[in-house]
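Let's take a walk through this one together. Have a look at the picture first, and then we'll go from place to place.

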Amino acid sequence: MLDPAIIIEQSDLIRETARKKGLSFDLDRFIELDTKRRKLQVEADKLRSQKNEANGKIAKMEGEERQAVIAEMKLVADQEKTLSEDLREVEKEWKILLLQAPGLMSDKTPEGKDDGDNVELYTWGKPRSFEFEAKDHVQLGLDLDIIDIERGVKIAGSRNYFLKGDGALLELAILNYTLQKLVAKGFTAFLPPMLVKHEAMLGTGYFPGGEDQAYALGVQRPGEAIESDDKYLIGTSEVSVASYHKNETLSEEELPKLYAGYSYCFRREAGTYGKDTHGLYRIHQFQKVEQVVLCKNDKEESAKMHEFLLKNAEEVLQDLALPYRVVAVCSGDMGQGQYYKNDIETWMPSRGSYGETHSCSTFLDFQARRLNIKYKDANGDKRFVHTLNNTCIASPRILIPLLEQYQNKDGSITIPEVLQPYMGGKSKITKTI
RNA sequence: GGAGAGAUGGCAGAGUGGUCGAAUGCGGCGGUCUUGAAAACCGUUAGGCCCGCAAGGGUCUCCUGGGUUCGAAUCCCAGUCUCUCCGCCA
């Protein structure tokens with residue numbers, strides 16, 4: 001959410017930002033409503049003030065005089081009621097629009113329409129060249145009996161899978177390794193709720209707009225029965241962890257908060273029919289270790305944190321010796337609330353390209369305003385924190401490059417050294433039976 | 001799932017229709033005293049919105065949303081959450 005004052009005062013900038021991000025935001029309507037809202041509030045406040053003044057007096061009056069004033073105030077109360085209703089109506093629409101206003105955008109963000117316009121900043125590592133015919137992760141998983149997509153689909157529908165045996169253990173190893181690494185860097189580990197209230201989705205900026213992508217429990221959809229739970233499955237632990245301090249005022253000394261959320265993530269992937277249907281790339285359920293940061297309301301500070309989060313994720317890929325590149329996400333591929341965003345794309349041999357595995361975002365105070373998370377600064381003033389987040393590892397997508405890059409000619413998979421302690425010391429995944 | 005109790009400021013806790021945004025205590029902050037500290041004493045100590053260059057003023061908020069009333073922390077309705085007891089259960 002933007003500071004409403006900014007929308008009014010810098011309307012040209014906001015209009016431009018909405019255009020660049022490809023968002024529709026009815027700025028003119030917002031300004032119109034804002035003007036109306038102020039006017040109505042001034043009038044309503046005046047009538048309320050009249051009422052309050054009379055209330056004190058009526059208590060002390062008696063007889064006819066009292067009855068006369070009460071009769072008079074009855075009229076004022078009626079007027080006030082009508083006016084308040086109008087005000088409430090206007091505010092309602094005003095708030096809905098405010099939630100749709102685009103967050104500010106960094107100068108560093110390249111302008112573009114979609115992910116095709118993202119700009120590569122640098123690469124790390126070299127894709128492996130195979131001296132034998134390499135398999136893709138689906139074939140490897142099937143042959144080693146560690147990934148079972150067919151049965152996953154049988155049980156849970158399209159875009160579902162089982163991880164099995166060493167496949168299951170490997171995923172846990174990667175996640176555990178990553179979490180430990182973050183904890184060693186000062187992060188606090190979180191196992192957050194995966195089922196959250198509407199306000200958490202709203203506060204982090206996924207709603208309104210992203211309702212299609214979230215699994216909802218007990219919420220009425222067209223043609224479906226109504227149930228009483230109004231709960232949503234998170235698409236990322238960012239939703240729960242960033243909301244952790246909702247409606248709280250922190251002290252400046254305790255910032256930055258470095259949080260590592262570990263959870264399953266659920267995504268409906270609506271509107272992606274036919275896209276990335278092969279293998280474990282685009283699926284409905286995965287596990288992720290997410291970095292979430294709350295820091296001071298200072299662009300330099302959040303830029304520093306952004307760099308920090310990016311490097312943490314890169315380190316994990318470097319530990320795993322997986323080649324990757326970092327891109328600057330362009331305006332059109334960025335979310336409503338994001339100020340600056342980098343994706344890390346890891347080399348995936350079977351795709352013959354880099355595929356998105358991480359997403360690092362700076363929000364400034366966009367989320368903090370919605371979540372009402374403040375801190376008291378050195379002057380004693382209350383300010384909204386800045387929030388950031390970045391994937392540290394997400395699996396099973398990361399298994400795609402991992403399995404494919406680490407495969408051997410005999411069909412076995414070498415387990416990266418850093419993961420071996422998390423796999424009971426095992427160094428290879430081989431065919432069992 | 002059944003029965004009951006409750007939700008008030010940072011915390012504890014009064015207040016059951018009329019100057020109540022709210023007593024009191026604790027905590028926090030500032031000060032007096034002190035070589036320093038403690039104790040004691042004095043003062044101060046919520047947030048949102050609106051008007052205003054500012055000083056300042058108005059308004060809203062006692063879980064949330066409606067309602068009754070000239071007037072609601074207090075009365076009514078709905079919802080949420082917490083606690084206790086019983087049942088069920090990973």
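A residue counts as near a strand if one of its heavy atoms lies within 4 Å of it. Keep in mind, too, that this is a predicted model. With that 4 Å limit in hand, start at RNA strand B: of its atoms within 4 Å of the protein, 70% belong to sugar or phosphate, and the rest belong to bases.

Who sits on the protein side of this meeting? There are 22 residues around RNA strand B, and the ones that come nearest are Arg37, Gln41, Asp45, Arg66 and Lys74. If you sort the residues of this surface by character, you get twelve charged, six nonpolar and four polar ones.

Which helices should you look for here? Both α3, which covers residues 27-60, and α4, which covers 63-100, supply at least two residues each to the surface near RNA strand B. Of the contributors, α3 gives the most, with 13 residues.

Now zoom in on a few individual contacts. Gln41 has a polar side-chain atom 2.6 Å from a sugar or linking oxygen of RNA strand B. Arg48 also reaches a sugar or linking oxygen of the RNA, with a side-chain N or O atom 3.2 Å from it. For a contact with a base, turn to Arg66: one of its polar side-chain atoms lies 2.4 Å from a base oxygen of RNA strand B.

Next, let's follow the charges inside the protein. A salt bridge here is a side-chain nitrogen of Lys or Arg within 4 Å of a carboxyl oxygen of Asp or Glu, and by this rule the count comes to 32. We'll visit some of them.

Take Arg29 and Glu93, which form a salt bridge whose closest N and O atoms are 2.8 Å apart. This pair links distant parts of the chain, since Arg29 is in helix α3 and Glu93 is in helix α4, 64 residues apart. Are these two residues buried or exposed? Neither, quite: Arg29 is partly exposed, with a relative accessible area of 23%, and Glu93 is partly exposed as well, at 32%.

The next stop is the salt bridge between Lys51 and Glu80, where the closest N and O atoms are 3.4 Å apart. Lys51 lies in helix α3 and Glu80 in helix α4, so this pair ties together parts that are 29 residues apart in sequence. Lys51 counts as partly exposed because its relative accessibility is 24%, whereas Glu80 counts as buried because its value is 10%.

Further along the chain, the side chains of Asp319 and Lys181 meet in a salt bridge, with 2.8 Å from N to O. Asp319 belongs to helix α10 (residues 299-319) and Lys181 to helix α7 (residues 166-184), so the pair ties together parts that are 138 residues apart in sequence. Asp319 is partly exposed, with a relative accessible area of 28%, while Lys181, at 18% relative accessibility, counts as buried. Some salt bridges also share partners, and in this way Asp45, Arg48, Lys51 and Glu80 are joined into one network. You have met Asp45 already, as one of the residues that come nearest to RNA strand B, and Arg48 through its contact with a sugar or linking oxygen of that strand.

Let's leave the helices and look at some strands. How many residues of strand β16 (residues 386-395) are buried? Ten of its ten are, which makes the strand mostly covered. Strand β10 (residues 285-295) pairs with β16 in the antiparallel sense over nine bridges, and as a landmark you can find Gln287 opposite Ser395 in β16. Strand β13 (residues 353-362) also runs antiparallel to β16, joined to it by three bridges. Here, Thr362 has Leu388 in β16 as its bridge partner.

Finally, a word on the cysteines. A disulfide is a covalent bond between the sulfur atoms of two cysteines. This structure holds zero disulfides. Cys265 is in no disulfide, and the nearest cysteine sulfur, belonging to Cys392, is 13 Å away. Cys265 counts as buried because its relative accessibility is 0%. Cys392 is in no disulfide either, with the nearest cysteine sulfur, that of Cys360, 10 Å away. At 1% relative accessibility, Cys392 counts as buried too.

How values were computed
Residues are numbered from 1 along each chain as its sequence is written. Chains are lettered from A and ligands numbered from 1 in the order in which they are written. This is a predicted model: local features need pLDDT of at least 70, side-chain atom pairs count only at pLDDT 80 or more; totals for chains, interfaces and linings use all residues. Side-chain values use heavy atoms; hydrogens and water are left out. A polar contact is a pair of N or O atoms within 3.5 Å; within protein, one must be able to donate a hydrogen and the other to accept it, and residues adjacent in sequence count only if both atoms are side-chain atoms. Helices (H or I, at least four residues) and strands (E, at least two) are DSSP runs, numbered from the N terminus. Ala, Val, Leu, Ile, Met, Phe, Trp, Tyr, Cys and Pro count as nonpolar, Asp, Glu, Lys and Arg as charged, and the others, Gly among them, as polar. Buried means under 20% relative accessible area, exposed over 50%, partly exposed in between (1.4 Å probe, protein chains only). Two strands pair if DSSP finds at least two bridges between them. A disulfide is a pair of cysteine sulfur atoms within 2.5 Å.
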